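Q: Hi! I've just opened this one and would love a quick tour. Can you walk me through it?

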Amino acid sequence: FSQPLIIKNKGYGIDTDNNLYNVTVLWDFTSNSPPSLPKEIFNDKNGNKVSLKDFDGKTLYVTFWATWCGPCLGVKPELEELKKQYEDNADIVFIDISLDSNVEFWKTYLSKNEHSGIQLITGNEAKTRSNYQFSGIPHHIIVDSKGNYKECQSPYFIDKELLINQDKLTEY
């Protein structure tokens, strides 16, 4: 298999950086290295632009979720407990990225429910799902200090050593 198998989904296209979006890559054996963070910009609740690349040199635990997703809300207490365990470690950053299409509903949810970590929202759910290669949520990734990422277990099952040991994270 020298070529990747790519399925074009509804809304398929190519962005300004020549990257495909709204596609599903079934296999791609052209690289054995883990994927690096895409060039995608998210918004915080004040409308500021944020890229995950802004956190270069840090270990990131990123959760993709939505306010309308029951399993996402169900995992929030365990996620908050994990965040609390590492709140004094400046090298670990927790980021929750909402896939909600209604920004005001997301902001209202955040104002009524206290969540630690950085809270962001995507402006294009389909592009985010395509960029990070996931369909179901909640979806969790862990990003090493070099910007490479892999899917990881939910906060219930994550090997917590991955968050504090860069060598183990690189092996993962």
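**Salt bridges first**

A: Happy to! In this predicted model, a network of salt bridges links K76, E80, K83 and D96.

Q: Nice. How many salt bridges are there by this rule?
A: The count is five.

Q: Back to the network: what is the N to O distance between K76 and D96?
A: Their side chains meet at 3.1 Å, N to O. K76 sits in helix α1 and D96 in strand β6, so this pair ties together parts of the chain 20 residues apart in sequence.

Q: And are K76 and D96 buried or exposed?
A: Both K76 and D96 are buried.

Q: What about D96 and K83, how far apart are the N and O there?
A: That salt bridge comes in at 2.7 Å. The pair links distant parts of the chain, with D96 in strand β6 and K83 in helix α1, 13 residues apart. K83 is buried, as is D96.

Q: I also see E125 and R129. How do their side chains meet?
A: In a salt bridge, with 2.8 Å from N to O. E125 and R129 are four residues apart in helix α3 (residues 125-131), which means about one helical turn separates them.

Q: Which accessibility class does E125 fall in, and why?
A: E125 is partly exposed, because its relative accessible area is 29%, between the 20% and 50% limits.

Q: And R129, buried or exposed?
A: R129 is buried, with a relative accessible area of 17%.

Q: Switching topic: which residues touch the most other members in the largest nonpolar core?
A: Those are L52, V62, I95 and Y132, in a core of 27 residues. The elements giving two or more residues to this core are β5, β6 (92-98), α2 (103-112), β7 and β8 (139-143).

Q: Which element gives the largest share of this core?
A: Strand β5 does, with four residues.

Q: Let's look at Y132. What is it in contact with, leaving aside neighbours within four places in sequence?
A: Y132 is in contact with L37, P38, E40, F42, L52, F64, H139, I141 and Y149. Apart from the largest core there is another one, of 12 residues, and its members include Y61, Y86, C152 and L162.

Q: Now T67, please. Where does T67 lie?
A: T67 is in the loop between β5 (59-65) and α1 (70-85).

Q: Is T67 buried or exposed?
A: T67 is buried: its relative accessible area is 8%, and the cut-off for buried is under 20%.

Q: So what is T67 in contact with, beyond four places in sequence?
A: The contacts of T67 are L73, D100, F105, W106 and Y109. With D100 there is also a polar contact of 2.6 Å between the two side chains.

Q: And how far is T67 from E80, C-alpha to C-alpha?
A: The C-alpha atoms of T67 and E80 are separated by 16 Å, and the two residues are 13 apart along the chain.

Q: Last thing, confidence. What pLDDT does the chain average?
A: The average is 87, and 93% of the residues score at least 70.

Q: Which elements have the lowest and the highest mean pLDDT?
A: Helix α5 (residues 166-171) has the lowest, at 73, and strand β7 (residues 118-121) the highest, at 98. As a rule, predicted coordinates should not be read in detail where pLDDT is low.

Notes
Residues are numbered from 1 along each chain as its sequence is written. This is a predicted model: local features need pLDDT of at least 70, side-chain atom pairs count only at pLDDT 80 or more; totals for chains, interfaces and linings use all residues. Side-chain values use heavy atoms; hydrogens and water are left out. Buried means under 20% relative accessible area, exposed over 50%, partly exposed in between (1.4 Å probe, protein chains only). Contact means heavy atoms within 4.5 Å. A polar contact is a pair of N or O atoms within 3.5 Å; within protein, one must be able to donate a hydrogen and the other to accept it, and residues adjacent in sequence count only if both atoms are side-chain atoms. pLDDT is the predictor's confidence in each residue, from 0 to 100. A nonpolar core is a set of buried Ala, Val, Leu, Ile, Met, Phe, Trp, Tyr and Cys residues joined through side-chain atoms within 4.5 Å. A salt bridge is a side-chain nitrogen of Lys or Arg within 4 Å of a carboxyl oxygen of Asp or Glu.
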